[in-house]
Amino acid sequence: MELSGKTAFVSGGSKGIGFACAKRLATAGANVFLAASNEHRLRKAAATIDSDGSGCARYHTTDLRILDGCNAAVRACIETFGGCDIFIHSAGATRGGIFPEQPDEDMLDGFALKFHAGVRLARGLWPHLTRARGTAITIVGGFARTPAADFMVGGAVNAALANFSKALAEKGLQDDVNVNWIHPGLTTTERLEGIFADRAAQQRKSRDQIEADAVAAEGIRRLGKPEDIAEMVLFLCSPAGRHVHGTGIAIDGGGSKGYW
């Protein structure tokens, strides 16, 4: 298998895009280590990956919003597999809302889980990624490039994470660690369902109306699937993707209309 013998740390690996990435890497032979906060979902995700993949799956239940939680997850991964070759940061669920009514806690929570966890996990795993000449990929989001008045938290957090990822890529050139980030568009996850539900309540429309409006506004053929992102992650982690470095890649069905 292409990634046989490799170890991948996947934050937010119990569901959605993170789970799809972990599962795809395991089918290519990698061992995967999942970190998230829900024990039940983690256990179920690891069992599914173990039954379907060539690599084995292990997990650690922790609160990635805090420094101790991130450090504990890194330690558990290294103790379990002895090192780390691949880091996928997919944790993070930012809330939509209408400014200025949206509470301060939403912004703090968004940065804690998606941005600060990404920074802390990258810091903890970096020595191991350097030794392995490994790969780091952050799952960011299209709102980093297209701010929206009803999704200010997500846009701000995503923009910060994309900026950090670009800077990390410069460090990666020095240490021979490949770094890229992905901007998913509208993708069928629990997170998107939450966004649709918030907008439905705000606009007094049905959930299906909100989806139809979103697809029409984006001018795309369909909503994305987590597996669409997972296939790109696999390519970026493979030898064939090694020359792609320091790049933000949109996987949005053509939803981004600008050239940047």
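**View 1. Seven strands line up in an open, parallel sheet.** In this predicted model, the strand order reads β3-β2-β1-β4-β5-β6-β7, and the pairing is parallel. At the edges sit β3 (57-61) and β7 (248-251), each of which pairs on one side only. If you step from strand to neighbouring strand, the average turn is 20°, with direction ignored.

**View 2. Strands β1 and β4 run side by side in parallel.** Here we zoom in on β1 (residues 7-11) and β4 (residues 86-89), which are joined by four bridges. A handy landmark for finding the register is Val 10, which stands opposite Ile 88 in β4.

**View 3. Helices α5 and α8 pack on the sheet.** Helix α5 (residues 152-175) touches β4, β5 (135-139) and β6 (178-184). The direction of α5 makes about 160° with that of β6. Helix α8 touches β4, β5, β6 and β7, and the direction of α8 makes about 160° with that of β5. Strands β4, β5 and β6 are thus good places to look for both helices: α5 touches them, and α8 touches them too.

**View 4. Helix α1 meets helix α8 at an oblique angle.** The two helices, α1 (residues 16-27) and α8 (residues 226-237), pack at about 45° with their axes 8 Å apart. Angles that are neither roughly parallel, roughly antiparallel nor roughly perpendicular count as oblique, and α1 and α8 are therefore described that way. Their crossing is right-handed. From α1, the contact draws on Gly 16, Ile 17, Ala 20, Cys 21, Arg 24 and Leu 25. Across from them, the α8 side includes Pro 226, Ile 229, Ala 230, Val 233 and Leu 234. By type, the residues of this contact divide into 10 nonpolar, one polar and three charged.

**View 5. Helices α4 and α5 pass each other with their axes within 9 Å.** Helix α4 (residues 104-132) crosses α5 at roughly 15°. Angles under 35 degrees count as roughly parallel, so α4 is roughly parallel to α5. The crossing is right-handed. Among the α4 residues in this contact are Met 107, Phe 111, Phe 115, Val 119 and Trp 126. They and their neighbours in α4 meet α5 residues including Val 153, Ala 156, Leu 161, Phe 164 and Leu 168. The residues of this contact divide into 14 nonpolar, five polar and four charged.

**View 6. A salt bridge ties Arg 65 to Asp 109.** A search of the whole structure finds 19 salt bridges, and this close-up shows one of them. The closest N and O atoms of Arg 65 and Asp 109 are 2.6 Å apart. The pair links distant parts of the chain, with the partners 44 residues apart. Arg 65 belongs to the loop between β3 and α3 (67-81), while Asp 109 is in helix α4.

**View 7. Two backbone details flank helix α4.** Before the helix, the peptide bond from Phe 99 to Pro 100 is cis, with omega near 10°. Pro 100 lies in the loop between β4 and α4. In the loop between α4 and β5 you will find Arg 133. Although Arg 133 is not a glycine, its phi is positive, at about 50°.

Technical notes: Residues numbered from 1 in each chain as written. Predicted model: local features only at pLDDT ≥ 70, side-chain atom pairs only at ≥ 80, totals over all residues. Heavy atoms only, no water. Axes fitted to C-alpha atoms, helices over the stretch in contact; angles between N-to-C directions. Parallel < 35°, antiparallel > 145°, perpendicular 65-115°, else oblique. Left-handed = near helix turned anticlockwise from the far one by under 90°. Contact = heavy atoms within 4.5 Å. Nonpolar A, V, L, I, M, F, W, Y, C, P; charged D, E, K, R; others polar. Pairing = 2+ DSSP bridges. Salt bridge = Lys/Arg side-chain N within 4 Å of Asp/Glu carboxyl O.
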